[in-house]
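Colleague: I am new to this structure and should be grateful for a close look at a single part of it. Please take the sheet as the starting point and then follow the chain outwards from there.

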Amino acid sequence: MQGRSDMAGEPRRGRRIVAAGAIVGALLLVASCASPGSAPGSASPSAQRTASPTPAATAVPSVDERARRIVDRMDVAQQAAAVVMGNTAGTDPATLHALMTGGFGGFILMGGNVPPTPNGLRAVTSALTVDPQLPPLIATDEEGGDVVRLPWDTEPGADVLKSEPASAAGTAFAARGTLLAQAGVSVNFGVVADVAQGPDSFMYDRSFGTDPASAAERVDAAVRGEAPSVLSTLKHFPGHGAVEGDSHHAVPATGMDLETWRAQVAPPFLAGIRAGAPLVMMGHLAYTAVDAQPASLSPRWHRILRDDLGFHGVIVTDDLDMLVDSGDPAYADEVADAVRSIAAGSDLVLALDGAGPDTARRIADGVTAAVHGGGLPKERLAEAASHTVALRLQIADQHPR
């Protein structure tokens, strides 16, 4: 999410990557040269024949397999709830807990959900967890600088870090990740991978700069810095820096072609993916030479992210209420927007309650109806739910209760 500070009425707040275009080119070269045969360094056929196989009965299922089994036991309504990240106002533990009994996949903490002390926030995040064996994704957008939710986070943001060595970004985000984890937050929508076009750009203060390689280096460091503590999210794909305008109130557009995008915009996203970021946030941005639709609703942009950049994690939308607020009648129905985004390839839809406190439930019900009515393939919903559940299982495994 774009640090939805104005949305909530709050203040708006390694190694040297080689030439920008070369990074994307290298990834595509590796992908195109990959062979389905034996990997370099793998055992010879004779060694493979003589090796003692691990009995299937004793094999430990992977997180992905466990997630698929859980999702297979869910009905469509439960799967639909599992792909919604909701929100409701306030810090009352009983109210927050009641919302999450609906089976939602996550909760986004806005400023109004954050008490003034770490212990107070820990009480909030504890209330959001209904089943510790399958905890929700508890997220916030803690960027530093202009976008801060935790009042006690004094670490610098991109506005300062763009002028510091890349290692400073790693240090700042390592400390930021620790603060979030101590308060029970598991996902940070905090790594802005947008490359600003210049100092007057809408995203300049929140980006790591105007040079793709330099920004990529800092994105890499930020992701690696917070990785031991929280799950990093890269935003706002395919890049808000090249698209002027505020996507909280419009669908900003650019005519930039795909090759220019690869060279000038993609490198920080690729760097963050290579660094292991497990989530990417889709922006409500239109690159009209690629697809006239916003990227959050575009199957083509989802394929580019998956196939060209090699991202295998969870794709989350920016707040769907922003599309409604764009004023474009094509996006006036938040439920329809959610269905379209999942059909396009998103795994998790972000739904603040700008349209009312029951927004998350209405969206889950609408997704359920779309599957039953044939408007959303049930296989796509099950795939999205499996991706999201796998991430939740990963959190449970790393932080058992």
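In what order do the strands of the open sheet stand, and in which sense do they pair?

Modeller: The model is a predicted one. In this model, 8 strands form an open sheet with parallel pairing, and their order is S9-S7-S5-S4-S3-S2-S1-S10. The edges are held by strand S9 (314–317) and strand S10 (349–350); each has a single partner strand, so one side of each is left without a neighbour in the sheet. As a setting for this sheet, the protein has 16 helices and 10 strands. Of its 401 residues, 56% are buried.

Within the sheet, S3 deserves the closest attention. Strand S3 pairs with S2 in the parallel sense, over 3 bridges. One of the residues involved is Phe-107, whose bridge partner in S3 is Ile-138. In general, the side chains of a regular strand alternate between the two faces of the sheet. S3 can be read in this light: Leu-137 and Ala-139 point one way, Ile-138 and Thr-140 point the other way, and all are buried. Further along the sheet, S4 and strand S5 (residues 231–237) run parallel and are joined by 4 bridges. There, Val-191 stands opposite Leu-234 in S5.

The approach to S3 is also informative. Pro-136 is found in the loop between H6 and S3. Its relative accessible area is 5%, so Pro-136 is buried, the limit being under 20%. Leaving aside residues up to four places away in sequence, Pro-136 touches Met-100, Phe-104, Gly-105, Gly-106, Leu-128, Thr-129, Ser-186 and Arg-392. Ser-186, one of these contacts, is 50 residues from Pro-136 along the chain, and the C-alpha atoms of the two are separated by 8.7 Å.

On the other side of that loop is H6, whose buried residues are Gly-120, Leu-121, Val-124, Thr-125, Ala-127 and Leu-128. Viewed down the axis of H6, these residues fall within an arc of 155 degrees, so they line one face of the helix. As a general matter, an α-helix has 3.6 residues a turn, so residues three or four places apart point the same way. The cover over the buried residues of H6 includes H5, strand S2 (106–108) and strand S3 (137–140).

H6 leads in turn to the nonpolar interior. The largest nonpolar core has 51 residues, and Leu-121 and Ile-363 are those with the most contacts inside it. Helix H6 (118–128) is among the elements that give two or more residues to this core, as are helix H5 (93–100), helix H14 (334–344), helix H15 (359–373) and helix H16 (378–398). Apart from this core lies another, of 40 residues, which includes Leu-161, Ala-172, Val-191 and Ala-277. Val-191 is thus a member of that second core and also the residue that stands opposite Leu-234 in S5. As for Ile-363, residues up to four places away being left out, it touches Val-84, Leu-320, Glu-334, Val-335, Ala-338, Val-349 and Ala-351.

Charged side chains also join parts of the chain around S3. The whole structure contains 17 salt bridges. In one of them, the side chains of Arg-206 and Glu-143 meet at 2.7 Å, N to O. This pair links distant parts of the chain, 63 residues apart: Arg-206 is in the loop between strand S4 (187–192) and helix H9 (212–226), and Glu-143 is in the loop between S3 and helix H7 (158–161). Arg-206 counts as buried at 4% relative accessibility, and Glu-143 counts as buried at 4% relative accessibility.

The loop between S3 and H7 also holds Asp-153, which is 23 residues apart from its partner Arg-176 in helix H8 (residues 166–182). The side chains of Arg-176 and Asp-153 meet in a salt bridge of 2.7 Å, N to O. Arg-176 is buried, with a relative accessible area of 1%, while Asp-153 counts as buried at 7% relative accessibility.

Elsewhere, a salt bridge of 3.0 Å, N to O, joins the side chains of Arg-262 and Asp-308. Arg-262 lies in helix H10 (residues 258–264) and Asp-308 in helix H12 (residues 299–308), 46 residues apart. Both Arg-262 and Asp-308 are buried. Finally, Arg-306, Asp-347, Arg-380 and Glu-383 are linked in a network of salt bridges.

Notes. Residues numbered from 1 in each chain as written. Predicted model: local features only at pLDDT ≥ 70, side-chain atom pairs only at ≥ 80, totals over all residues. Heavy atoms only, no water. Core = buried A, V, L, I, M, F, W, Y, C linked by side-chain atoms within 4.5 Å. Buried < 20%, exposed > 50% of the residue type's maximum accessible area, 1.4 Å probe, protein only. Contact = heavy atoms within 4.5 Å. Arc of directions from axis to C-beta. Salt bridge = Lys/Arg side-chain N within 4 Å of Asp/Glu carboxyl O. Pairing = 2+ DSSP bridges.
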